[in-house]
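I opened this one to see how the chain is put together and what sits in its middle. These are my notes, in the order I looked things up.

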Amino acid sequence: MTKLKLPIALTFFLILFIACSNDDEDNSYEIYTIEDLNLLHNNSSKTWELEAYYQNYDNWISDQNDCFIDDSYIFQTDSAIEVISGNENCYYGTSEIAEASYAFYEEQGEVWLTMIRGEITDNTVSSTSFSLKLIELTEDKMVFSSGNKRNYKKALIFVKN
């Protein structure tokens with residue numbers, strides 16, 4: 001009976017170890033360095049287009065997707081992002097404001113994007129703003145999200161222009 005308990009116990013611990021290590025990979029975040037930022041701005045400036053703006057990556061494209069994806073986003077070395085507006089406005093009228101910037105926190109290895117959209121009508125300002133963390137970065141694609149890899153929530157999916 002003792003000979004049978006040892007293989008069962010080892011099998012149980014092996015399954016537990018494998019299950020835990022898969023969860024850790026799914027919830028892990030990339031750590032970015034100053035050299036990684038070259039993929040973001042090409043050591044000068046780099047133009048990106050939005051492929052999609054998700055409120056929930058699993059199943060819900062944002063209502064503002066169309067007005068975000070027709071803009072161009074030029075990432076620069078000084079943390080500025082120049083937003084070149086397309087024809088589709090997020091708000092009614094033509095007084096739209098579109099601003100963005102990113103911040104690099106070298107100690108934590110994190111990059112955060114802040115996006116602001118708004119309009120000025122008479123004496124009223126309406127706006128939307130949010131900040132998202134860089135989750136994925138390659139030469140041709142980057143993802144800023146409020147979730148983590150394989151579990152994005154609100155997300156901006158950029159592709160190289």
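The entries below go from the overall layout to the strands, the core, one helix and the rings.

**Layout.** I'm working from a predicted model, so I keep that in mind throughout. I counted elements before anything else: the chain has three helices and nine strands. Reading from the N terminus, I get α-α-β-β-α-β-β-β-β-β-β-β. The chain is 161 residues long, and 35% of them count as buried. I also checked how far contacts reach: of those with a separation of 6 or more, 47% are between residues 24 or more positions apart. The exposed surface comes to about 10,000 Å², with carbon and sulfur atoms supplying 51% of it.

**Strand β9.** Which strands does β9 pair with? I found strand β1 (residues 45–56) joined to β9 (residues 155–160) by six bridges, running antiparallel. Strand β8 (residues 141–145) is also antiparallel to β9, through five bridges. To pin down the register I noted one pair for each: Y53 stands opposite L156, and K141 has V159 as its bridge partner.

**Core.** Next I looked up the largest nonpolar core, which has 29 residues. Touching the most other members are F68, Y73, F75, M142, F144, L156 and F158. I followed F158 outwards and, leaving out residues up to four places away in sequence, found contacts with W48, E49, L50, E51, Y73, F75, L113, D140, K141, M142 and F144. Apart from that core lies another one, of five residues, including A52, V143, A155 and I157. As a general reminder to myself, side chains in a regular strand alternate between the two faces of the sheet.

**Helix α2.** I then went to helix α2 (residues 37–41), where L40 sits. Is L40 buried or exposed? It is buried, because its relative accessible area is 0%. Beyond its sequence neighbours up to four places away, L40 touches K46, W48, F75, Y102, L137, M142 and F144. I also took the distance from L40 to K141: 101 residues apart in sequence, yet 9.3 Å apart in space, C-alpha to C-alpha. H41 lies in α2 too. At 5% relative accessibility H41 is under the 20% cut-off, so I put it down as buried. With the same four-place exclusion, the contacts of H41 are K46, F75, Q76, T77 and Y102. K46, F75 and Y102 therefore turn up in my entries for both L40 and H41.

**Rings.** How many aromatic pairs does the structure hold? I get eight. One of them is Y53 with F130: the ring centres are 5.5 Å apart and the planes are at 20 degrees, so I logged the pair as stacked. This pair links distant parts of the chain, since Y53 is in strand β1 and F130 in strand β7 (residues 124–137), 77 residues apart. Both partners are buried, Y53 with a relative accessible area of 2% and F130 with 9%. Elsewhere, ring pairs link Y73, F75, Y102, F144 and F158 into a cluster.

**Charges over rings.** Last entry. The charged end of K154 sits over the ring of F130, 4.3 Å from its centre. R117 has its charged end over the ring of F68, at 4.2 Å from the centre.

Technical notes. Residues numbered from 1 in each chain as written. Predicted model: local features only at pLDDT ≥ 70, side-chain atom pairs only at ≥ 80, totals over all residues. Heavy atoms only, no water. Pairing = 2+ DSSP bridges. Helix = DSSP H or I, 4+ residues; strand = E, 2+ residues; numbered from the N terminus. Buried < 20%, exposed > 50% of the residue type's maximum accessible area, 1.4 Å probe, protein only. Contact = heavy atoms within 4.5 Å. Core = buried A, V, L, I, M, F, W, Y, C linked by side-chain atoms within 4.5 Å. Phe/Tyr/Trp six-rings, centres within 6.5 Å; stacked < 30°, edge-to-face > 60°. Lys NZ or Arg CZ within 6 Å of the ring centre and 35° of its normal. Areas by Shrake-Rupley, 256 points an atom, 1.4 Å probe, with all protein chains shown as cover.
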